[in-house]
Amino acid sequence: MTLESTGAYHPLNGREALCHWLGHIKLSRIIVLVLMILITVPLITHYFLSKVESSVPNGDIHRTRSKLEAFEDFSTLRASDLKLRIEEMLRIKGSVSAELRDLEAKRQRLQIEVVGFSQKIDDLKTEVIHQQTELERLKISVEQAQVSQREALQRNTPDLALPRKLLPTAVPGLYPPLETYQSSACRMYNCFDHSRCSLTSGFPVYLYDPDRYPVIALGWEVEGFVKTTLKQTLGYNPHFTTDPVSACIYLVLVGESLATMGPNLRNFTDSTLQENLLHDLPYWGGDGRNHVLLNFARSGSVRGARELSTGGRDIFHKVNTGRAIFIQSTFSRSNFRPGFDVVSPPILGPPGGDTWQDSPMMLPARRKYLLSFQGEFHQSANLVTAYTKNLGEATENFNDSEDDFVNNDGRSTRQNIESFIVEHLQGLEFGSTSDQFLFHFDCSLPMGTTSVGLDRRAGSVKVVAGSWGDWVLCGTESSRGSVLQDSTFALVIASANTSLLTTTVLQTRVYEALKAGAIPVLLGGDQLELPYNEVVDWNRVVLSLPKVSVTVVVDQARITELHFFLRAVPDSDLLVLRRQGRQVWERYCSSVQSTVDTIVALLRHRLGIPPLPVQDEPSPSVFNATFSPLKTEAIVPEAEPEESLGPIEPPYPSPKFKRNYTFFLTQGHEVWNDWGDPFKLYPQLPFDTILPSDAKFIGSGVGFRPIGRGAGGAGKEFCESLGGNSPREQFTIVMLTYEREQVLINSLSRLYGLPYLNKVIVVWNSPRPPLEDLRWPEIGVPVHVIKASRNSLNNRFLPYDAIETEAILSVDDDAHLRHDEIMFGFRVWREQRERVVGFPGRFHAWDLNHQGWLYNSNYSCELSMVLTGAAFIHKYYTYLYSYWLPQAVRDKVDEYMNCEDIAMNFLVSHITRKPPVKVTSRWTFRCPGCPVSLSEDDTHFQERHKCINFFTQVFGYTPLLNTQFRADSILFKTRIPHDKQKCFKFI
């Protein structure tokens, strides 16, 4: 609009107004506005186009471009149209952004699916490999089953098991009696009725009650201790029977008998035995066949208070005993029937129980005295003098025998020999040698006083006509024992009366020497018969020298060689002799129980009858008969899937009692003298003989699985068969646990798929039963949970009847072993069956400050123990641990709740004299997430130090031996061709 001169208001049209505004606007404003438009519009357009091209699909981009091409000339657009176009572009941008977000989400989903499918592909590949491995194992299992089937069809020998008893049905019949002179010709083949003792009889033994059936003459009485302890100890013997009908042998106790009247009131020339009472025994059968007459001796000397006893003499002389067997400690040479009668030691020990406390330590090898002797030579001693008058009727008088002529001095040559022996020994004692000797030849003088200063002539030996010529004992058992414990060797001089085969006094000397750890030196040992000589190898226990040469010349007496002979024995042989002597004493002589058991076992061994089988421990289940525990699938083990470790087999128990009748024939010497228990029959032994390597291919291949069928091979062929020198077998895992359910379940789960596993025995040591909702894993073999009667670590080594294999893998419930480690340990054990084979090694170290042993678990290049928390042992050792080991050892384990593994290592090393075998590089075991174990207690190591030293006292020495190697598989770290496999990948 505009104002005219008249002052009136006139509105202008649009064009005039624009022109009017342009005419009045400043030039600078116009320039700024144009510049802003020229700069802003291209920038906005460029930004929009770039976003569209990068985010929108190609077709949309082209469409958008076609739309925008119509607006290339923005300078001609009006502001309102430009606004519309900008809004359109923003809408398009929002739509494109939404589409882009959807596409990104789809892309992420696709990527996740691709990763999942890739994982499934990898899992399927792994599963294919695993299934191929399982298929190969199944093929191997099928092949093994086919071989077993062929063996079963071709087998022509029965499987031996415990025999059925075949017993007599009547008491012995009545047979004509033998004359007295005929008894001297008795042997097992002509005086023993073998028909009553079949191989399957079990050797039943019947004892006449000495109170009900006395056979002793008036004025004599069987000593009360002997009578009581015999009935008691024989009652513990498994062969004892109260049924006379089924009995194989009949025992008659005749001594030791004591005189009930003084010597002045009795004619001692009369026999102690009453023949009519002996023949009137209800099962005597006329001639006394299968009867055993026991004349035990408890008197240590023919001097002193026990002179009026039968234990020190041969009471069967001139008594009609028919076909009966004699067992006693004193025998005349003419009255002893080899292979028929038995020499027994005197019963000087307690009725039974552990006797290790009575023996000193075996070390040092050399003691204070090189040699000691305490005794006095007598030729007459009351009863003996009178008795030898009768004895002379059967054998020539001592002084008038062919080889004992009388010299000018009135003494026989043998009397001169005894004097020469005394003089020579006294010369050693007071000679210039550095060795110390202790000899005491006169019992009337106190210890430490010698007759050298009084009378060193031969006449110092007391001579009384009509004597046995024996060396009686001096002092008490305690005083003699203290000297023997300080003596390396103990001299035992045979009787000067060569008509005597053995005497109670001589047997007492041997008994006391073995008990004290002094090695007996028998001077005149070639003329003696020692106890149980047909089964005990006395050459490994005593040293023997003849008394004199056959010419009976005093100057040729062998006593002159004694010192040189003893000095020639090295320390190693000293300790072997001492250890063997203690073993013989403990097992066969130390108590009445051991003596009675040995006599019964010797007679049974003589007849070739096997012992009665050892009793297994029952395996009661921790679950009630009506309760079924919950089951769950086992965790797949963390093993290399491509490594095959062996076939999958059903449970296969080890054959039992296959050598019932041949074992004592082929290895009887070892049983009596090395392994320690001839009193029981064991189902298997780690010492069983093995066949030559070619026997498995030539006629004796039943049960063997040679690698590559005998052609050998590397890893592939190795995993298919057990190979080795023994037939196929499996092993049992024994796992001890106490209130660690989840740890136990995890350990059981890891056993899934383990080859050659027969079953798992879980010893439930807790008084609280397992939770009812506890899920037990299915691992492919039976899991037997045994309820322990009490919480004891000794339960780990009980010989449960549920264990049906020779091999036992003893493991802790928190031990984590790989399958390949277990399999390698099993294969190594099959070649070292008599030893402990396992993983964690330990050693015993000498305490330089306190002179004792220390238990050490540090890393070391030498070890002496393998802990049974992860070790293979033979089931035979569980019997020995539970029934044979001294009770004090098991009591100490219960006291400390510790050390059972050390005790087992002591036991095995003591029996075998070999160290354990460590396998693989494993030294310790850690169980992540497991509760704190007993081994982490501060007192754990202190208790183990004490255990080693205590066990050393029980055994008398430390049987542990050191070893400096471990076992790895043959091809470990060996470069082999690419087409071959190693035995184990990581072992």
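Two strands are said to pair here when DSSP finds at least two bridges between them. With that in hand, here are some notes on this predicted model.

1. **Overall picture.** The protein holds 22 helices and 30 strands. Of its 987 residues, 52% are buried. Take the contacts between residues at least 6 apart in sequence: 80% of them join residues at least 24 apart.

2. **Nonpolar cores.** The largest nonpolar core has 141 residues. If you want to look around inside this core, Phe203, Ile249, Phe296, Tyr532, Trp538, Leu603 and Phe951 are the residues with the most contacts there. A second core of 45 residues is separate, and Val622, Leu722, Leu754 and Ile822 are included in it.

3. **Strand β11 and its partners.** Strand β11 spans residues 369-378, and 10 of its 10 residues are buried. Which strands does β11 pair with in the parallel sense? One is β14 (residues 487-493), over 3 bridges, and another is β12 (residues 437-440), joined to β11 by 4 bridges. Leucine 371 takes part in both pairings: its bridge partner in β14 is phenylalanine 489, while its bridge partner in β12 is phenylalanine 437. Strand β13 (residues 470-473) also pairs with β11, but in the antiparallel sense, over 4 bridges. There, histidine 378 stands opposite aspartate 470.

4. **Helices α13 and α15.** Helix α13 (residues 571-588) packs against helix α15 (residues 663-675) with the axes 9 Å apart and an angle of about 100°. An angle from 65 to 115 degrees counts as roughly perpendicular, so α13 is roughly perpendicular to α15. On the α13 side, the contact is made by Gln580, Gln583, Arg587 and Tyr588. On the α15 side, these residues meet Val671, Trp672, Asn673, Asp674 and Trp675. By character, the residues of this contact divide into 4 nonpolar, 3 polar and 2 charged.

5. **The sheet of 8 strands.** An open sheet with mixed pairing is formed by 8 strands in the order β22-β20-β19-β23-β28-β24-β29-β30. Its edge strands, each pairing on one side only, are β22 (783-787) and β30. Within the sheet, β24 (residues 837-838) and β29 (residues 917-919) pair in the parallel sense over 2 bridges, and glycine 838 stands opposite lysine 918 of β29. Helix α19 packs on this sheet, touching β23 and β28, and its direction makes about 85° with that of β28. Helix α18 (residues 819-831) lies across β19 (731-737), β23, β24, β28, β29 and β30, running at about 30° to β28.

6. **Helix α19: enclosed or open?** Helix α19 (residues 875-884) is largely enclosed by the rest of the structure, because 8 of its 10 residues are buried. The buried residues of α19 are Lys875, Tyr876, Tyr877, Thr878, Tyr879, Leu880, Tyr881 and Ser882. What covers them? The elements include two strands, β23 (807-812) and β28 (870-874), together with the helices α15, α20 (887-896) and α21 (900-912). So helix α15 turns up here as well as in its packing with α13, and largely enclosed α19 has α15 as part of its cover.

7. **Phenylalanine 965.** This residue is found in the loop between α22 and β30 (966-967). Is phenylalanine 965 buried or partly exposed? Buried would require a relative accessibility under 20% and exposed one over 50%, so at 48% phenylalanine 965 counts as partly exposed. Its C-alpha atom is separated by 7.6 Å from that of lysine 918, although the two residues are 47 apart along the chain.

8. **The sheet of 3 strands.** A further open sheet has the order β26-β25-β27, with antiparallel pairing. Strands β26 (852-856) and β27 (865-866) are the edges, each pairing on one side only. Strand β25 (residues 841-847) and β26 run antiparallel and are joined by 5 bridges. One bridge brings two tryptophans together: tryptophan 853 in β26 is the bridge partner of tryptophan 846. Helix α22 (residues 940-955) packs on this sheet and touches β25, β26 and β27, with a direction about 135° from that of β26.

How values were computed:
Residues numbered from 1 in each chain as written. Predicted model: local features only at pLDDT ≥ 70, side-chain atom pairs only at ≥ 80, totals over all residues. Heavy atoms only, no water. Axes fitted to C-alpha atoms, helices over the stretch in contact; angles between N-to-C directions. Parallel < 35°, antiparallel > 145°, perpendicular 65-115°, else oblique. Contact = heavy atoms within 4.5 Å. Nonpolar A, V, L, I, M, F, W, Y, C, P; charged D, E, K, R; others polar. Core = buried A, V, L, I, M, F, W, Y, C linked by side-chain atoms within 4.5 Å. Buried < 20%, exposed > 50% of the residue type's maximum accessible area, 1.4 Å probe, protein only.
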